[in-house]
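User: Hi, I have a new structure to look through. Can you walk me through it?
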Amino acid sequence: MGNSPSRFFRDRRLARRRPLSADRVMFPLAALFALAAIPGWLILHHASMPVASAWHGHEMLFGYAFSVIAGFLVTRTSRGVLAALVATWIAARVAVAANTGVWAVVAGLSFPATVLAAAAPPLLRGAKRAENRIVPAILVGLLWLDAMWWAGAPWLGPAVERRALLGAIDLLSLLMLVVGGRALPAAVGGHLERHGIARTDMIRSGYELPLAASMAIAFVSDLSGLQEIAGLFSIGAALLTLWRASSWRLGYALRQAPLRALALAYLWLIPALILKGGAQLMSTSLLAHALHGFTIGALGSLTGVMMVRTALLRMGKPLSSFKEINLAVLLLGLSAVLRLLALPSLPGREIWLWASAGAWVVAFAILLVGLLFTYSVPARAKGANRKRDIR
């Protein structure tokens, strides 16, 4: 009894020194931001504010998606680094809204720079093969593109801003093709193996390097203004992904609730890249519209699923415990379809835009509640979790 106070304070000190994972903060923050940002953009758009378009595109990629990246990649860190991630994320969001001079640029770039500094070194130390260096290279590229976007508005013009955002879409596409392309076949393969069926997820580098090459050419072409070449290689990456996924026996995944959401979300990358490439080949005036297949369908769905799966696995909970993820993915798919149908010339377009936003908001409300519940409720005994876990 006499040692209880000292043991208590010792345990508190040990808890403070224990490595933390950024997902516990960055994932709920990302979901909350996504939930609020789309209705916010529609209000700005309806008010015809000039900041609306540039703010919307940048914040979807560098505000929302980059916060998911931070939560996924920064896995063992200190409280100080975690506090720096949150502080720089907030500073960057305020900087984009204010957009006043050099200090806004410094604040705006502080978050991707912090993510790069926290995530890249352990990734590089653990990289044993060439394809494992793709992710750190993407982080460097995204930081450079954000700097390019910030330089575009005051100095280099809106064309540079647009090219920076297109380049970011190319790099984020590659990141999701790589990360999702590892998670999905591994999850399906584990399910097949547990049911005595031969798994087919062992071939990885044979597709990852050609995918990286295709998206790298699309990336360079987008930055150079060579829209047709970028479109061809975006479509090529989509077809290569379709061919790659055809060997994963996704029929099994679509019949299993914990795998269905991941499969549907990953498959959104195929039409998203085809829409981008097709618009670049046929009508660049529709390119901004076509990109919603990526930002809502692919990016929204896959990041949402990966946040939930990562949170459940890191908290030691079964993937089957969050059944609402399938509804969230279906709502995000509906949101993407409604947004793509809302062509600029469509009568009553505002109704379609608000319907798309409504489906998006409900989906991210589901994700936010699920994430908060996952992090706040302790896991059951590990043995019970393993029996019910389907990966």
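Analyst: Sure, we can go from the whole chain to single residues. Keep in mind that this is a predicted model.

User: What is the secondary structure made of?
Analyst: The chain has 17 helices and zero strands.

User: How much of the chain is buried?
Analyst: Buried residues are 53% of the 391 residues.

User: And what share of the contacts joins residues 24 or more positions apart?
Analyst: That share is 79%, counted among contacts with a separation of 6 or more.

User: Which residues have the most contacts inside the largest nonpolar core?
Analyst: They are Leu61, Tyr64, Phe111, Leu142, Phe294 and Phe364. The core itself has 126 residues.

User: Which helix gives the most to this core?
Analyst: Helix H7, residues 158–194, does. H7 supplies 19 residues.

User: Back to Phe294. What is it in contact with?
Analyst: Skip its neighbours within four places in sequence. Then Phe294 contacts Leu61, Ile169, Leu172, Ser173, Met176, Leu269, Ala272, Leu299 and Gly300.

User: Now the rings. How many aromatic pairs are there?
Analyst: There are seven aromatic pairs. One of them joins Phe62 and Phe66, with ring centres 6.3 Å apart.

User: Why is the Phe62 and Phe66 pair stacked?
Analyst: Their planes are at 20°. Planes under 30 degrees apart count as stacked, so this pair fits.

User: Where do the two sit in the helix?
Analyst: Phe62 and Phe66 are both in helix H3, residues 51–73. They are four residues apart, which means a separation of about one helical turn.

User: Buried or exposed?
Analyst: Phe62 is buried, at 2% relative accessible area. Phe66 is buried too, at 1%.

User: What kind of pair do Phe66 and Phe111 form?
Analyst: Phe66 and Phe111 are edge-to-face. Their centres are 5.9 Å apart, with 70° between the planes.

User: Which helices does that pair tie together?
Analyst: Phe66 is in H3, and Phe111 is in helix H5, residues 101–125. The pair therefore ties together parts 45 residues apart in sequence. Phe66 and Phe111 are both buried.

User: Which residues make up the cluster of ring pairs here?
Analyst: Ring pairs link Phe62, Phe66 and Phe111 into a cluster.

User: Which charged end sits over the ring of Phe72?
Analyst: That is Arg314, with its charged end 6.0 Å from the ring centre.

User: Let's stay with H5. Where does it bend?
Analyst: H5 bends by about 35° at Ser110. Pro112, a proline, follows within four residues.

User: How far does H5 reach?
Analyst: From first C-alpha to last, H5 reaches 37 Å. That is close to the 36 Å expected for its 25 residues.

User: Next, H14. What is its reach, and where does it bend?
Analyst: H14 covers residues 292–314 and has 23 residues. Its reach is 31 Å from first C-alpha to last, close to the 33 Å expected. The bend is about 30°, at Leu299.

User: How many of its residues are buried?
Analyst: In H14, 21 of 23 residues are buried, so "mostly covered" is a fair description. One residue of H14 is Arg309, and Arg309 counts as buried at 10% relative accessibility.

User: What lies ten residues from Arg309 along the chain?
Analyst: Leu319 does, and the C-alpha atoms of Arg309 and Leu319 are 6.5 Å apart.

User: Which residue just after H14 takes a positive phi?
Analyst: Gly316 does, at about 70°.

User: New topic. Which residues of H11 are buried?
Analyst: In helix H11, residues 257–267, they are Pro258, Leu259, Ala261, Leu262, Ala263, Ala265 and Tyr266.

User: What do they pack against?
Analyst: The buried residues of H11 pack against H7, H9, H10, H12, H14 and H15.

User: Take H9, then. What does Ala238 touch?
Analyst: Ala238 is in helix H9, residues 227–245. Leaving out residues up to four places away in sequence, Ala238 touches Ile270, Leu273 and Ile274. Ala238 is buried, at 0% relative accessible area.

User: Last one. Which residues is Pro136 in contact with?
Analyst: Beyond neighbours within four places in sequence, Pro136 contacts Leu116, Leu123 and Leu124. Pro136 is in helix H6, residues 134–156, and is buried at 4% relative accessibility.

Conventions:
Residues are numbered from 1 along each chain as its sequence is written. This is a predicted model: local features need pLDDT of at least 70, side-chain atom pairs count only at pLDDT 80 or more; totals for chains, interfaces and linings use all residues. Side-chain values use heavy atoms; hydrogens and water are left out. Rings of Phe, Tyr and Trp (its six-membered ring) pair if their centres lie within 6.5 Å; planes under 30 degrees apart count as stacked, over 60 as edge-to-face and the rest as tilted. Buried means under 20% relative accessible area, exposed over 50%, partly exposed in between (1.4 Å probe, protein chains only). A charge sits over a ring if NZ of Lys or CZ of Arg is within 6 Å of the ring centre and within 35 degrees of the ring normal. A nonpolar core is a set of buried Ala, Val, Leu, Ile, Met, Phe, Trp, Tyr and Cys residues joined through side-chain atoms within 4.5 Å. Contact means heavy atoms within 4.5 Å. The expected span of a helix is 1.5 Å times one less than its number of residues. The bend at a residue is the angle between axes fitted to the seven residues ending there and the seven starting there.
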